[in-house]
Each structure stands twice: as structure tokens, then as C-alpha cells.
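User: I'm new to this structure and would like a close look at one part of it. Could you pick up the charged pairs and then walk me outwards from there?

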Amino acid sequence: NPSLLEAMASQAIICAHSNVFNRYPLGEEAWYFNNANDIMQLINYNPPSGQHKDWKEKNLEKIKNQYSWPQINLQYEQLMLSSL
């Protein structure tokens, strides 16, 4: 999901639909919703100070270490070499 990766790279606090495609890259570093009622609860939620302080940093590290082009290219190269 390119827009999700962009949000992670921009160090946004993310509120995402609860599905495997969002949960896999985000892990615990996001708020999740399943339906419109969940969204309303999140809009009205006043989190304790610092609850999501390190989410932005952790998501940025994931972008650098797992989803950067050099890392992706390396993984493709390793895959191709392993099939020789």
C-alpha cells in the first residue's frame, strides 16, 4: 500500500482500517478501526500524553530498514541468486 508507506515515512500518526494489509507493516504503531462507530470513538479519543510518542519513529525505522528501495532490491537479488 504505497499511501500507507508514505504516511509512515512522513511520520504521521496513523489510524488505519483493521486488516492484514495494514496491520502487517504497522504492527502496534497505529490506531485501528473496523467500522464507522470505531472511527467516531477514535475522533473523540483523547490519548494519554506520550501514548503514541514513539510510533512515528518506529514507523520511520521500518521504512528505512524494510521498505526502502535498496532493501527491496537486495531481497530480490537474494531471491534470484537462491534459485540458481
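How many salt bridges does a search of the whole structure find, and what surrounds them?

Analyst: Searching the whole structure turns up 2 salt bridges. Before going further, keep in mind that this is a predicted model.

Let's take the pair between Lys-62 and Glu-29, whose closest N and O atoms are 2.6 Å apart. This salt bridge ties together distant parts of the chain: Lys-62 belongs to helix α4, while Glu-29 is in the loop between α2 and β2, 33 residues apart. Are these two buried or exposed? Lys-62 has a relative accessibility of 14%, so it counts as buried. Glu-29 comes in at 11%, and because the cut-off for buried is under 20%, Glu-29 counts as buried too. As a general point, side chains of opposite charge can pair when their charged atoms come close.

The other salt bridge joins Lys-58 and Asp-54, with 3.2 Å between the closest N and O atoms. Here the setting is partly exposed: Lys-58 has a relative accessible area of 39%, and Asp-54 has 31%.

Now for helix α4 itself, which covers residues 55-66. Trp-55 sits in this helix, and with a relative accessible area of just 9% it is buried. What does Trp-55 pair with? Its ring pairs with that of Trp-31: the centres are 5.1 Å apart and the planes meet at 70°, so this is an edge-to-face arrangement. Once again distant parts of the chain are linked, since Trp-31 is in strand β2 and Trp-55 in helix α4, 24 residues apart.

Over the whole structure, the search finds 2 aromatic pairs. Trp-31 also pairs with Tyr-45, and because their ring centres are 6.0 Å apart with planes at 85°, that pair is edge-to-face as well. Trp-31 lies in strand β2 (residues 31-33), and Tyr-45 lies in the loop between α3 (36-44) and α4 (55-66), 14 residues away along the chain. Tyr-45 has 38% relative accessibility, so it counts as partly exposed. Put the rings together and you get one aromatic cluster made of Trp-31, Tyr-45 and Trp-55. So if you want to find the cluster on screen, look for those residues in β2, in the loop that runs from α3 to α4, and in α4.

Right along the chain from Trp-31, there's a charge-and-ring contact worth a look. The charged end of Arg-23 sits over the ring of Tyr-32, at 3.7 Å from the ring's centre.

Helix α2 covers residues 20-26, and Phe-21 has its place there. Phe-21 counts as exposed, because its relative accessibility is 66%. Together with Val-20 and Tyr-24, Phe-21 makes a nonpolar surface patch of about 430 Å². A bit of helix geometry helps when you look at a stretch like this: an α-helix has 3.6 residues a turn, so residues three or four places apart point the same way.

What about helix α3, the one before Tyr-45's loop? Of its 9 residues, the number buried is 0, so α3 lies largely in the open. At the start of α3, a side-chain oxygen of Asn-35 comes to within 3.0 Å of the backbone nitrogen of Asn-37.

Back to α4 for a moment, to see what the other end of the chain has to do with this region. Glu-6 lies in helix α1 (residues 2-9), and its C-alpha is 9.8 Å from that of Leu-60, although the two are 54 residues apart along the chain. Glu-6 is exposed, with a relative accessible area of 57%.

Past α1, in the loop leading to β1 (15-17), you'll find Gln-11. Gln-11 has a positive phi of about 60° despite not being a glycine, and at 34% relative accessibility it counts as partly exposed.

Last stop: Ser-82, in helix α5 (residues 69-82). Ser-82 counts as exposed, at 58% relative accessibility, and its side chain reaches the backbone oxygen of Leu-79 at 2.7 Å. Measuring C-alpha to C-alpha, Ser-82 and Ala-12 are 37 Å apart in space and 70 residues apart in sequence.

Methods. Residues numbered from 1 in each chain as written. Predicted model: local features only at pLDDT ≥ 70, side-chain atom pairs only at ≥ 80, totals over all residues. Heavy atoms only, no water. Patch = residues over 30% accessible without salt bridge, like charges linked within 9 Å, V, L, I, M, F, W, Y side chains within 5 Å. Areas by Shrake-Rupley, 256 points an atom, 1.4 Å probe, with all protein chains shown as cover. Salt bridge = Lys/Arg side-chain N within 4 Å of Asp/Glu carboxyl O. Helix = DSSP H or I, 4+ residues; strand = E, 2+ residues; numbered from the N terminus. Buried < 20%, exposed > 50% of the residue type's maximum accessible area, 1.4 Å probe, protein only. Phe/Tyr/Trp six-rings, centres within 6.5 Å; stacked < 30°, edge-to-face > 60°. Lys NZ or Arg CZ within 6 Å of the ring centre and 35° of its normal. Polar contact = N/O pair within 3.5 Å; in protein donor to acceptor, adjacent residues only side chain to side chain.
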